[in-house]
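Here are my notes on the model you sent over, as numbered points. Have the structure open while you read.

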Amino acid sequence: MAYSNMLKRAKNLIFKYRIYILGIFCLGLIWDIFFNPQISDLAVLILGLLWILSIFNFKFEPKISFALAAASYGISFIFQFFNQEVIMEKGASWFFVFLLIGLVQSFRE
Amino acid sequence: MKPHERKVYRFFPAILIAVFGTIFALLLLPFYKDGKMILGGEGSYYTDFSLITKNFGYSWLNYAVGIFTTSLNYVFHLSFLQCLINDERIINFVMIYSLYFLPFLAAYLLCLELKLKPLPSLLVALFYLSNPFMVNFLKSINQWNMLAAYILPAFFLIILKFYNRPRLLFFFFGLHSLFFAFTNANPPTMVLYQIAVVFFVVFASLYKEKKFCLKTIVGKYCLVLSSFFLFNFWWIINWFYVLPDAQQGYSKEFAISWLRGSRQFIPALWRTLNLTGLLQYPINPEYDYFARHYSYFFTPIILAIPILIIIYFLFRKNLGRKYHLVLGLMLLVVGFLSKGVNGSFGSVYEFMVMNLPFFSIFKSAAEKWGTLFIFLLTLYLIFIFRELKKDRLYSLIVTLLTIYILYSAVPFVTGNFLTDYKYNDVVIGSKRFLDKPEYKELKNKLNNDLEQYRVLSLPGSWNYQVALQIEGKKFYTGNDPILSNTNKPFLTPYSGSWTQRFGVLYDKISHPDYLKLLGLYNLKKIVINKDMYPWFGFREKESILELEETFSPLSLSLKNEAISLYDVGDNFLPRFYVPTQITYSPQSTQYELPELVSFNDISQRPGFFISPYEKIKEGDKFENNLAKENANQIILAGELQSAIDEERLRAGIRGMNPGGVLFPYARWKPGSLIYPYILKKEEKTKNQFLNQPEELLRQDLFFAGKRIFEIQRWDRELNDKDFLDVLGRYEQEMNGTIKNLEKIRITGKDTFWLLAEIEVSFEAFKGRLLDVVEGDFGKQSQRLKLAQETTERIDKRIKTVLKNYSQARYYFEVPEEGEYEVLLEKNEGISDWKIENVSPKEEEKFTLGITDSPALPAGEQEEKAWLSFGKQKFNKGEYILVLNQTPADNLLTENWNVLKSNVETGEVTRLFSEMNTPTAWQEIKNWEPETVYKLSFKYKSSAGRLKLSLIEEKSRIDTTWFDKGVLDELPDKTNVLLEEELISKNPSEWEEYSIVVSSGRNAKNAKLFISSESEKEKLSEVEFKEATLTKIIEPKMVLRKDKSQSDSNVPQITFQKINPTKYVLEITNASQPYFLVFSESLHRGWQAYVSKIANCELRITNLDGIVGSYFGGEIKEARQADNWFDKKFYETWREKALPDDRHLLMNGYANSWYITPEDAENQGNYQIIIEYWPQRLLYLGIGVTLAVIIGSLVIGVLKYVKKS
């Protein structure tokens, strides 16, 4: 009982701060792609989790995830002309992550 | 539609296939101009496919000294074709053509099966064939591996086509997989097919059933799996037997090391998406045509087309269909795997390698998973075309894909899809091989020879792929296409199983007793191929000209412009023999064989009980009482523990080489929260060994390797502080290693080997560290500078340890007590030397001098002989003998020549200047080739630094490749042996410097230069004194004990090879026990069955002719039966084999059996059958497979009859 109450409270809390979660996710994503010189699995995990929470909070359609995948690919595509290998690889990684999330979303639907 | 139009439409797909097939054939034809054909690389070097079946169609391979089979190589379609057309170029054309055409055909038919129209089907099939991944994959032209591009769509097509007809699915899937069984030769590809089949069944089920039904999926999968298993049972059954042996191939750590390699930062996922995973990175446009073709500024736009189409599809379509989603998920998973350990979540792949059983076989992630990824992507495109056919942007999508294909087709249209590549400024690798008449002559010569023997291939390339000059600077690069197409197994430095190496045959060519070695390996012919270029270097020191000089006393079986084929004559020992001179030398390896063999005559048919390298490396050795008791002599080769010659230390002794050093796996990143605890744990582990310096040394070395792995894994992610910490810790671990070595130096018997281990490991650590840091941060980076400084410091410390080993100490382990003769290799000025026993036991101490009469068995050449120091009683146990040498002459004089002014000579030589580089130099007296020298002096550098150079001049240079027009310049006549700069730590004190150098093979004379150097316009001042250069002699030392064995009667042998897994021997006049040597590598599968003549029909006497007679007819070889299927395959099934304890290792690699008269019930004449018993499994497997095929056909016919 206590556990389900706690879960409920957590859900409420997440829902209450959904805009902040989305904001942190957006800033985090930009930071990870453009400003983080290292390839960090932890960053991908945390930001991926934030995006999944946002999907639940805002009831995003899979197409939004696909749009983000396309944007990530676009970033990769553009930055290859500037030989920015790390950004290229980050973009490709996020393309995979958003595609994966989008496909799982579609599967659930 | 009119009837004739309908007819054309019906045949339209077939017409398209025919058009493509014809065009591709025309594109391929130019490669066959001027008598050439397409060969090269790791798998495509066979031209005779019937011969492959004869050599490799058994459970034991007729390769090198023999090895168990992992895959049975029957390339059915090419073997059948060869029966019809006996032209190697046509067979080759068909092979290459099918490599490209079959994937296209399978992809095209799959498109049609999935209801795509003929033209889009053509587009998709062309995409599958021509994308950058696939063209790079197929250019390896390995018929065993590259047909994966065909197998994947073909398997899926069959599953889909017969999904609702289980019997047909079972039959056709099985039959097809049986026909292409050879594509399972590569274990990771074999496993990949099985993983793909699971995907295919799940996907086909969702596609056909439109719902997920686990029961149906499991049912279908079991059907497909059982079909594969039963139709391929004939080769799968072999895997059950060889799996434990095959697992020894390489460790998980090796797989991780391979995956990471000496890496640079690679955008792995990005390359996966671009389908450029198999292209070089970073692309060097000069490398080959593909590199140039995909390096233009606009190519990224074209390469993005497939992904753009997928993105568009995801937006346009409602993804309600489950199979789309499942396919998408499969694509993502496989794409993720194909990037291996690189990029994001690379540790997931590492985790799988370390923890999933057998996953370590996927060490070439990009190639294996990449192939499946491309197929799944093509499948996705098929569905996209199906779903979007009414979309408003359909024409645009078709146009975009057409542009992509047109661009990808350029290498095909221009005839560059099997492109030459620029290996370096000299070698241009090519796949256009010219089978010259000279090569054909050699192949005919060897193939028509009826005797069984092996061939030694020279020069000995360091890499298993050789470079053969075809024309000008163009070289065929790949496995040897000449000797591989003969029925004689051949030896090279790299051939052999994991536990057998043949380095000694290449390192000791100039040894006076070298030729005697060859018989022990059943080598009868030596081939020297003058077209072979040292693109990775050659193992032996001798040039081709010198090799020809060395073997000139031998008779020539063949000589033409490219090939010299020598016969070893009386030095040959047949495949079976009974040794009359047996030597027991448990401490020795194959490396000591030249010394051991010098005590024997080949006419005595020697046999040696020695240890294989790997056993010694693991601290073990071959010891056997049966062998010891029956040996005629015990010879113990002393382990020289002076270690002053670094080069010799690194010569791969006992299998040690930097390439074989493993880097322990590190799971936690330096600087992470958990890392301090990991370090504490390591410290705790080491503390357990505080009183065991030997073990502690190994621990330090282990953790030093781990530090390097940490740098390799996280180099880019580590901040400067963490990087410095890890580097510091690495230095600390290495210093600990050296410190512990110092501790055990005096008493430890393994000191020499531990030092060798440190040396070799350090070489590997240094190479990896500098490669990684340079790759990640560039040549000018501060990190690289720090790494270089650290390695230099460690290097210096190791060299200091080396200097202490200037006394020749020999370690012996005496296996039984008795009188041993102490022998020393003959050398100049040895007469005053003494041998002293410094073993700990006081009562055993002795000093020996040379005896007057060195009446000892010598090698065939007189200059090589042994000097006796008399006989001495030894007890069983360990001994250390020290060689007390008289001081050697100083080869330097007091008279230094002066090159520039400002040099003061005398007792102390002083060099000083502000402007130039004052130099003192002198020519060294009596400089000899291949000799070890020790140089030492004292020096002071008050300002600037002392520069030291030792330069030798060669008496001859090898001009072969200059004369052939491959090299633009003649090789250098001088050789810089030593170049070093010294700076005093304390300018007012004398410092000692000492180093050991080895002169080169053709050294004529040498000059020593000592100069003073400084930065521009700064004062330099250095002084040196007491310069000495002495020759170091390290003769071999052996202990020899004669064991007077009663004169044993030697039985006569007549043997016949039935096939590579079975031999029949007829033994006559055997009255005493004896060892029977079978010169094929030792394996538990080989069994000997002795049967009495009374009960057994003699097989050999009935056959036509003896092809070889040796030792006055005591050993005869009957013409080989060459029966793939021995009619009497069952004859040993109920017989009892000789027990395993009498099956012993002989000559370091071969089988031998101890046979007593009781085994043949005291008969003098009898028959022995030597059989590799797992061949029975192959026969059993074939029986099962045949039964399945016949059973399936019978059931099919019955059903048909019933139905009609």
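How many salt bridges does the rule find across the interface of chain B and chain A?

1. Zero: between chain B and chain A, the rule picks up no salt bridges at the interface. Bear in mind throughout that this is a predicted model. What the two chains do have is six residue pairs in polar contact, counted with both partners at pLDDT 80 or more. Over the whole structure, by the way, the salt bridge count is 52.

2. On to the extent of the interface. The size of an interface is often given as the accessible area lost when the parts come together. Here the area buried between chain B and chain A is about 3,100 Å², and carbon and sulfur atoms contribute 76% of that. In residues, 34 from chain B are in contact with 28 from chain A.

3. Which helix of chain B gives the most to the side that touches chain A? That would be H17(B), with eight residues. The helices of chain B that each supply at least two residues to this side are H13 (268–274), H15 (299–303), H16 (305–316), H17 (322–338) and H18 (346–355). By residue class, the side of chain B that touches chain A splits into 23 nonpolar, seven polar and four charged.

4. Chain A next. Its secondary structure comes to five helices and zero strands, so to speak of its order along the sequence is to write α-α-α-α-α. Along the principal axes, the C-alpha atoms of chain A fill a box of roughly 55 × 30 × 20 Å.

5. A word on confidence. The model scores ipTM 0.94 and pTM 0.86. Chain B averages a pLDDT of 87, with 91% of its residues scoring at least 70. Please look at two stretches of chain B, though. Residues 643–655 stay under 50 in pLDDT, and the model gives them 38 contacts beyond four places in sequence. Residues 858–863 are also below 50, with 14 contacts beyond near neighbours in sequence.

6. Now a salt bridge inside chain B. The side chains of B:Lys524 and B:Glu451 meet at 3.6 Å, N to O. B:Lys524 sits in strand E11 (residues 523–529) and B:Glu451 in the loop between helix H21 (437–447) and E7, so this pair ties together parts of chain B that are 73 residues apart in sequence.

7. Aromatic pairs: a search of the whole structure finds 114 over all chains. One of them joins B:Phe24 and B:Tyr97, and it counts as tilted because the planes are at 45°, with the ring centres 5.7 Å apart. B:Phe24 belongs to helix H1 (residues 3–28) and B:Tyr97 to helix H4 (residues 88–113), so here too the link is between parts of chain B that lie 73 residues apart in sequence.

8. Finally, two backbone details to check by eye. Is the peptide bond from B:Leu458 to B:Pro459 cis or trans? The bond is cis, with omega near -5°. B:Pro459 is in the loop between strand E7 (454–458) and strand E8 (466–471) of chain B. The other detail is B:Asp34, a residue other than glycine with a positive phi, near 55°. B:Asp34 is found in the loop between H1 and strand E1 (36–38) of chain B.

Definitions and conventions: Residues are numbered from 1 along each chain as its sequence is written. Chains are lettered from A and ligands numbered from 1 in the order in which they are written. Side-chain values use heavy atoms; hydrogens and water are left out. Contact means heavy atoms within 4.5 Å. Buried area is the accessible area (1.4 Å probe) that two parts lose on being put together, summed over both. A salt bridge is a side-chain nitrogen of Lys or Arg within 4 Å of a carboxyl oxygen of Asp or Glu. A polar contact is a pair of N or O atoms within 3.5 Å; within protein, one must be able to donate a hydrogen and the other to accept it, and residues adjacent in sequence count only if both atoms are side-chain atoms. Helices (H or I, at least four residues) and strands (E, at least two) are DSSP runs, numbered from the N terminus. Ala, Val, Leu, Ile, Met, Phe, Trp, Tyr, Cys and Pro count as nonpolar, Asp, Glu, Lys and Arg as charged, and the others, Gly among them, as polar. pLDDT is the predictor's confidence in each residue, from 0 to 100. Rings of Phe, Tyr and Trp (its six-membered ring) pair if their centres lie within 6.5 Å; planes under 30 degrees apart count as stacked, over 60 as edge-to-face and the rest as tilted.
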